[in-house]
Amino acid sequence: MAAVTHEQLHGHHPGPTGLMRWITTTNHKDIGTMYMIFSFIMFLSGGVMALTIRAELFQPGLQVVQPEFFNQLTTMHGLVMVFGAIMPAFVGFANWMIPLMIGASDMAFARMNNWSFWLLPPAAVLLLGSFFVPGGASAAGWTLYAPLSVQMGMGMDLAIFAIHIMGISSIMGAINIVVTVLNMRAPGMTLMKMPLFCWTWLITAYLLIAVMPVLAGAVTMILTDRHFGTSFFNAAGGGDPVMYQHIFWFFGHPEVYIMILPAFGIVSQIIPAFARKPLFGYASMVYATASIAILSFAVWAHHMFATGMPAAGQLFFMYATMLIAVPTGVKVFNWVATMWRGAMTFETPMLWATGFIFVFTMGGFTGLICAIAPIDIQVQDTYYVVAHFHYVLVAGSLFALFAGAYYWLPKWTGHMPSEGLGKLHFWCSIVFFNITFFPMHFLGLAGMPRRIPDYALQFADFNAMASIGAFGFGLSQLIFLVVVVKCVRGGERAAARAWEGAEGLEWTVPSPAPHHTFEEAPIVR
Amino acid sequence: MDGPVAGAASHLRRGADRPLRPGPRRRKHRAARVARTERHGWAVAPRVRSGNGNEEQGVARIDERRAANRRTGLMLAVVAFAFFVVVILKYKVFGR
Ligand code: HEM
Ligand SMILES: [Cu+2]
């Protein structure tokens with residue numbers, strides 16, 4: 001019956017095949033898959049840059065790269081990981097899972113969805129290609145601070161153009177997600193019944209719509225300063241470089257929550273499944289997410305304590321930042337309370353999710369320490385900050401992405417991912433992650449500055465350790481590649497509900513999920 | 001529980017076996033849900049609502065849904081574009 005109605009409504013032509021299928025597809029599952037493949041390629045590219053950085057830092061002195069190139073590497077590593085790897089990966093998850101979770105047949109704007117994705121590869125080519133233009137890639141740091149960004153060569157222009165394109169892609173993706181969640185839910189799927197992943201993405205999408213235009217504005221002003229005679233950030237022309245920092249971080253702090261809220265969503269799906277208990281405090285999770293999002297607009301200057309703010313400003317931003325720890329603590333509490341007395345098992349997704357809670361929380365604590373203005377004036381621009389944001393971004397966002405990938409791979413491929421390899425991947429990752437980044441706390445407290453290719457002798461031991469850890473971590477990620485390829489090709493067949501305790505509409509459709517699902521909306525009561 | 005929500009999370013199932021018309025408040029809630037269904041038309045209505053439940057009607061309802069989506073989407077796009085313009089204009093006109 002369903003098929004008949006659908007054929008009559010839309011007519012079914014056999015679609016294009018081969019490459020054209022992927023270029024022209026409007027199917028949310030195809031597009032989700034492409035996002036994830038793109039993101040993994042960018043993850044490996046950014047990873048190669050990181051390993052080159054760590055190779056240089058293995059010993060004091062200059063061995064591997066020139067200082068100018070080192071600066072290009074740190075800049076591009078940040079840009080590629082933030083805009084190329086983490087953000088598109090979450091959009092890929094959203095594309096695949098949100099329609100399945102709310103019982104919709106596809107995203108609201110299926111053709112725009114195709115466009116959102118296909119903007120990304122050209123942007124990536126611009127970004128990575130900028131290494132090969134005269135003067136090399138942008139080297140102003142991923143934050144593109146003026147005045148450096150106003151002065152550099154054409155690599156900077158390519159980076160600005162790439163950010164414009166990726167920004168447009170993100171905004172279109174965000175609009176698609178908001179409209180899908182608001183308008184396409186199956187009957188009975190009220191907002192407060194939605195799986196938490198949909199909630200966190202809805203809020204994230206609003207954040208994106210609010211702040212991506214601000215970033216676009218900031219880089220546009222850099223562009224006009226560079227080529228069209230304006231002086232927004234150029235002190236010689238009456239502009240103010242510190243103003244750039246304010247605009248950038250008004251985008252930048254909500255941006256870090258854009259990268260963590262969907263991770264919270266993924267973890268909130270997985271913990272209840274493997275604790276075999278409903279999520280503790282569902283409503284408080286929703287409110288905590290919303291509070292984090294709202295507060296994230298009022299804390300940006302905690303990145304700027306060292307620029308010489310008035311004391312009142314320092315106090316405001318310090319306390320506002322600490323306030324965010326409250327809803328974040330609510331979330332951590334709820335996850336732990338969900339596990340409390342649950343019938344827990346530790347399959348690979350659950351290992352990643354519990355690992356996430358443990359290590360992400362450490363990153364949250366160092367964030368609080370950075371937020372204390374007098375301390376931050378000491379640790380600002382040292383390796384302490386590098387340690388902080390890798391604990392929240394790698395052990396936070398990335399670990400949650402891996403957790404989600406292992407959790408939903410059965411739904412995507414129809415096969416169970418290898419438990420043995422998955423566990424190996426997890427244990428290697430978490431051990432090498434800590435070997436890499438834990439020593440950075442000590443380096444930072446001892447005063448080692450970030451973004452510097454050489455350092456004083458007393459920092460040598462911890463740097464050698466971090467570099468060894470980094471290569472171990474990088475190599476461990478190849479295990480994931482093996483797991484995914486094996487899982488796509490075959491393996492134990494997955495049931496519709498691949499995990500015993502998994503709940504939600506996505507587990508009511510067969511594994512792998514058919515190309516079209518929920519063409520007739522399910523009724524949720 | 002079987003049917004399409006067999007695997008749905010327990011918080012989705014909550015209230016599944018409540019009687020259909022317990023009181024005025026709940027009835028209002030239910031009415032809203034049915035109205036929603038009629039407006040968007042993408043739901044599998046639990047019963048045939050008119051003798052004329054044919055495809056033309058389906059197409060019309062899908063068009064209405066598309067229009068609603070487009071309205072929300074355009075609104076958000078306008079907001080985003082306004083932010084972009086405001087950020088630049090603010091600093092262009094007022095300096096810092
Ligand atoms: C409890 C929550 C958090 C607090 C209190 C916090 C606080 C801070 C502070 C004060 C800084 C500035 C340090 C400095 O430059 O001296 C900072 C930097 C940073 N944080 Fe957090 N943070 C938190 C969570 C997060 C999360 C969840 C993410 C991302 C997923 C994140 C990503 C970053 C990044 C990328 C930087 C460095 C930016 C740069 O200078 O390049 N933080 N954080
Ligand atoms: Cu921040």
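Ala301(A) is found in the loop between H11 and H12 of chain A. With a relative accessible area of 0%, Ala301(A) falls under the 20% limit and therefore counts as buried. The C-alpha atoms of Ala301(A) and Gly501(A) are separated by 43 Å, and the two residues are 200 apart along the chain. These values, like those that follow, come from a predicted model.

**The copper ion (ligand 2)**

- Three histidines coordinate the copper ion (ligand 2): His253(A) through ND1, His302(A) through NE2 and His303(A) through NE2, at 1.8 to 2.1 Å.
- Along the chain, the donors of the copper ion follow the spacing H-x48-H-H.
- His253(A) lies in helix H10 (residues 241–275), whereas His302(A) lies in the loop between helix H11 (282–295) and helix H12 (311–339), so the pair ties together parts of chain A that are 49 residues apart in sequence.
- That loop between H11 and H12 is also where Ala301(A) is found.
- Both His253(A) and His302(A) are buried.

**The iron atom of ligand 1**

- Which residue is the protein donor of the iron atom of ligand 1? His388(A) is the only one, and its NE2 atom binds at 2.1 Å.
- His388(A) has its place in helix H15 of chain A.
- The iron atom of ligand 1 and the copper ion (ligand 2) are 4.5 Å apart.

**The shell around ligand 1**

- The shell around ligand 1 holds 22 residues, and those that come nearest are Trp142(A), Asp376(A), His388(A), Phe389(A) and Arg450(A).
- By residue type, the shell divides into 13 nonpolar, seven polar and two charged residues.
- H10, helix H13 (348–371) and helix H15 (383–413) of chain A each supply at least two residues of this shell.
- Which helix gives the most to the shell? H13(A) does, with six residues.
- H10 is also the helix that holds His253(A), a donor of the copper ion.
- Two side chains have a polar atom close to an oxygen atom of ligand 1: for Trp142(A) the distance is 2.9 Å, and for Gln380(A) it is 3.2 Å.
- His388(A), the protein donor of the iron atom, also has a polar side-chain atom 2.8 Å from a nitrogen atom of ligand 1.

**The annotated domain in chain A**

- An unreviewed UniProt entry places the feature "domain: Cytochrome oxidase subunit I profile" at residues 22–525 of chain A.
- Over residues 22–525, chain A is 69% helix and 0% strand.
- The C-alpha atoms at the two ends of this stretch are 36 Å apart.

**Asn463(A) in helix H17**

- Asn463(A) is found in helix H17 (residues 460–489) of chain A.
- Is Asn463(A) buried or exposed? Its relative accessible area is 0%, so Asn463(A) is buried.
- A polar atom of the Asn463(A) side chain lies 3.0 Å from the backbone oxygen of Phe459(A).

**Unusual backbone geometry in chain A**

- Most peptide bonds are trans, and most residues other than glycine have a negative phi. The following cases depart from one or the other of these rules.
- A cis peptide bond, with omega about 5 degrees, joins Ala146(A) and Pro147(A). Pro147(A) is found in the loop between helix H6 (120–129) and helix H7 (148–151).
- Another cis peptide bond joins Ser511(A) and Pro512(A), with omega about -5 degrees. Pro512(A) is found in the segment after H17.
- Leu144(A) has a positive phi, near 50 degrees, although it is not a glycine. Leu144(A) lies in the loop between H6 and H7, and at 1% relative accessibility it counts as buried.
- Arg451(A), also not a glycine, has a positive phi near 60 degrees. Arg451(A) has its place in the loop between helix H16 (419–445) and H17.
- Arg451(A) has a relative accessible area of 26%, which lies between the limits of 20% and 50%, so Arg451(A) is partly exposed.

**Chain B**

- Chain B has three helices and zero strands, and its pattern along the sequence reads α-α-α.
- Of the 96 residues in chain B, 25% are buried.
- Chain B has an accessible surface of about 6900 Å², and 58% of that surface belongs to carbon and sulfur atoms.

Terms used
Residues numbered from 1 in each chain as written. Chains lettered and ligands numbered in written order. Predicted model: local features only at pLDDT ≥ 70, side-chain atom pairs only at ≥ 80, totals over all residues. Heavy atoms only, no water. Donors = N, O, S within 2.8 Å, 3.2 Å for Na, K, Ca; no water. Helix = DSSP H or I, 4+ residues; strand = E, 2+ residues; numbered from the N terminus. Buried < 20%, exposed > 50% of the residue type's maximum accessible area, 1.4 Å probe, protein only. UniProt positions renumbered as here; feature names shortened; annotations may be inferred. Near = heavy atom within 4 Å. Polar contact = N/O pair within 3.5 Å; in protein donor to acceptor, adjacent residues only side chain to side chain. Nonpolar A, V, L, I, M, F, W, Y, C, P; charged D, E, K, R; others polar. Areas by Shrake-Rupley, 256 points an atom, 1.4 Å probe, with all protein chains shown as cover.
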